[in-house]
Amino acid sequence: MALTKDDTIPVHSSEDIVWVRQTVRTWAVELGFGLVDQTKLVTAASELARNTVDYGGGGTVQLEALNNGVHRGLRLTFEDHGPGIPDVELALHDGYTTGSGLGLGLGGTKRLVNEFEIESRPGEGTRVCITRWK
Amino acid sequence: MAKSRIPSILYAYEEELLEEWIREQLASDIWRGDLLPESELRRQSSEFLGALRQAAESDNLTDIMTPQWSEVREILTDLSRSRVQQGFAPWETATFIFSLKQPLFTRLRQELEQDADTLANEYWAATVLLDELGLFTTEAYQKSREAVIARQQQELLELSTPVVKLWDGILAVPLIGTLDSARTQLVMESLLQRIIDTEATIAIIDITGVPTVDTLVAQHLIKTVAAARLMGADCIVSGIRPQIAQTMVQLGVDLDVTTKASLAEALRLALQRSDQTIIRKSRDAAGG
Amino acid sequence: MESIPILKMGDVLLVTIQVDMHDRLAITLQEDLTDRIASTSAQGVLIDISALEVVDSFIGRMLGNIAAMSRVLDAETVVVGMRPAVAITLVELGLSLRGVRTALNVDKGMDLLRASLRSPAEESADGTDEG
C-alpha cells in the first residue's frame, strides 16, 4: 500500500480544531472524496480533535493519504498523552453521548468512517485511528 | 550462489523468445483472437519482454514488488485492465504470462543441457518468477473487474431511484427493489437535494415496490426520514402492504413516521398538511 | 472579541452563521443570544446555518441549548438551511436534534415562526408531525 502524503499537526486549542477541520477538508477534496464523504470525515475529525483537546490535554493528529491499488483513502491518527479512557467499550456505546452534553462522541464517530481503531491506557494516553476510503 | 542465467538468456535471445512466445499464445486453445488483434498482442508481448529483460538485469528474480520491477508491474496492470474491458476471462489473461514458460524452459535446456544441477535450479527460478508475475496479473485483473462492476452498479443505482415532484411542495420517491446501504445513500442524497431544489415541505416515500422490510431496511428508511426532517421537510411512508406491516410489528420495528397504505392516501394527507385542496368541478356548470 | 451578529427583525432575532466557528465563538453566541432574547423580549429566533459545511456534536448541542434556553424565555427557535451532507452526517452521528424545529430556508422559517406565534396552543412542542 502506497503512502502518498503524510503530515502531522498539533491539536491543543479550539482554533486548532478549526484548523484540523479545514485541513482534513482540503485533503479530502484533493483525494476526490464526494461531498457527503468529505463531510463525514471532517465531522469525525472534529469530534476526535475536540476529545484530544478537552479530554486528552492536547496532542497531535497525523494525516496520511493512502492508496491501496484500488481505492484512495485518508487516515487520521489522533494521539494524546492524557489520562486515557478507563472504559473504552463504554465510550463507544451510543448512550454515552447523544444529547446529554457529556461523553466523547465515539460511537457516532465510528459510524462515519470505514475503519476505526482505538487504544487507550489510563495514565498513558489515547490513540484513535480512523480511515475513510473513497 | 551463482548468478542466474535467466537475465543473459533474456538478453541474448529476446527476439527468438518473443516469436516463440507469441506463437504459443496464438496456438493455445483458449486464445481469443476475436477479442484482440494479433498486432496488438505482438505489441503487448514485445513491450513486456523488454521490460522483463531490464528488470531481470537487477539480479533480483524473487521479489517483484521492488522498484526495479515497477515498470513490469505497470505494464501488467494496464494489460489486465484492458483485458477486463475487452471481455477476457481471468485465466485467459494470466495465460499471457504462463505461456512464456515453455519458450524460456526450452532456451534454458539448450544452454545448460550439460549441467543438470544448474538447469534444475534455473527451471525453479524461472517457475517461481513467472508464477509470481502470473499471480500479480490475476490480482490486477480482479481489481480492475471489481472497479468496473462498482461503476456499473453506481450507474444502475442512479437510473433506478427517481425523485418526482407530485405537487407544489410535495415530492415522491417510489422505491423499487431491494434497499441496500448503497442504494439508500443514493436515495437519501437525491431526495434531500430535490427537497432543496423544489422547496418541498413533504416527501412521500413509497415502498410498494420493496419486497421485504427487515430491520436493516427499516433503519435505512428511518435515517432518510430523520435527515429530511433535519432539513425541515416531513416524510410520509406509503405503500406498506399488510405482510410488511406484520413483519415490522413482529420485528419490533417502529418507523416513527406517518404511514399510509397507498400513495394516493399519502398524497391526500400531504395536500391537507400543506394547506392545499383539489376541488372537483361541479357537473352541471354549463357556463362555469 | 469577535462575535456573530444578531439582527432584530420585528420580534424575531435572526442569526446567520457564516464562519467555521471555533468552540469559544459558539459559546459566546449562545450567551449573546440568550441575553438578547431576554433584553428584547423576542418571541422568535431564526438561526440560518445554510453556510455551514460541517455541524459536529458541539455545534449540534449548541443549537439544542439555544432552542431549550429560548423556550424557557418564551421564545421559539427555528434552525434553517441545513445542507444535505450535514443532515446525513448528523443522522449517522446519532444527533437527532430533538427539540429543535427546522425549516428549509429563512422564508419558510419565518412562516413557521409566525404561524406558531399566532396560535401557539395549536402547535405541538417541536413542530414535527406525530402521525
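**Exercise 1.** In this predicted model, in which sense do strand E2 (residues 170–176) of chain B and strand E3 (residues 202–209) of chain B pair, and over how many bridges?

*Solution.* Begin with the pairing itself: E2(B) and E3(B) run in the parallel sense, and six bridges join them. Next, look for one pair of residues along these strands, and you will find Leu171(B) standing opposite Ala203(B), which belongs to E3(B). Finally, follow the chain from one strand to the other: E2(B), helix H8 (residues 181–198) of chain B and E3(B) together make a β-α-β unit, and this unit is right-handed.

**Exercise 2.** Find what E2(B) forms together with strand E1 (residues 164–167) of chain B, and state whether E2(B) is mostly covered or not.

*Solution.* The pairing of E1(B) with E2(B) is antiparallel and extends over three bridges, and within it Val164(B) has Ala172(B) of E2(B) as its bridge partner. The two strands form a hairpin with two residues between them, and in the turn Gly169(B) has a positive phi of about 75°. As for its surroundings, E2(B) is mostly covered, since five of its seven residues are buried.

**Exercise 3.** Glu199(B) and Ser41(C) both have a positive phi although neither is a glycine; decide for each whether it is buried, partly exposed or exposed.

*Solution.* Take Glu199(B), whose phi is about 55° and which is found in the loop between H8 and E3 of chain B. Because Glu199(B) has 14 C-beta neighbours inside 10 Å, it counts as partly exposed. Now turn to Ser41(C), with a phi of about 50°, in the loop between helix H1 (23–40) and strand E3 (44–48) of chain C. Here 10 other C-beta atoms lie within 10 Å, so Ser41(C) is exposed, the cut-off for this class being 12 or fewer.

**Exercise 4.** Describe the sheet of chain C, and explain why one side of E1(C) and of E5(C) is left without a neighbour in the sheet.

*Solution.* First write down the strand order, E1-E2-E3-E4-E5 of chain C, which describes an open sheet of five strands with mixed pairing. Strand E1 (6–9) and strand E5 (101–103) of chain C stand at the edges and have a single partner strand each, so one side of each lacks a neighbour in the sheet. On average, neighbouring strands of this sheet are turned by 25° against each other, direction ignored. Helix H4 (residues 106–118) of chain C packs on the sheet, where it touches strand E2 (12–16), E3, E4 and E5 of chain C, and its direction makes about 160° with that of E4(C).

Conventions:
Residues are numbered from 1 along each chain as its sequence is written. Chains are lettered from A and ligands numbered from 1 in the order in which they are written. This is a predicted model: local features need pLDDT of at least 70, side-chain atom pairs count only at pLDDT 80 or more; totals for chains, interfaces and linings use all residues. A residue is buried if 20 or more other C-beta atoms lie within 10 Å of its own, exposed if 12 or fewer, and partly exposed in between; C-beta atoms are placed from the backbone. Helices (H or I, at least four residues) and strands (E, at least two) are DSSP runs, numbered from the N terminus. Two strands pair if DSSP finds at least two bridges between them. A crossover is right-handed if, with the strands pointing away from the viewer, the path from the first strand over the helix to the second runs clockwise. Axes are lines fitted to C-alpha atoms, for helices over the stretch in contact, and angles run from 0 to 180 degrees between N-to-C directions. Two residues are in contact if their C-beta atoms, placed from the backbone, lie within 7 Å.
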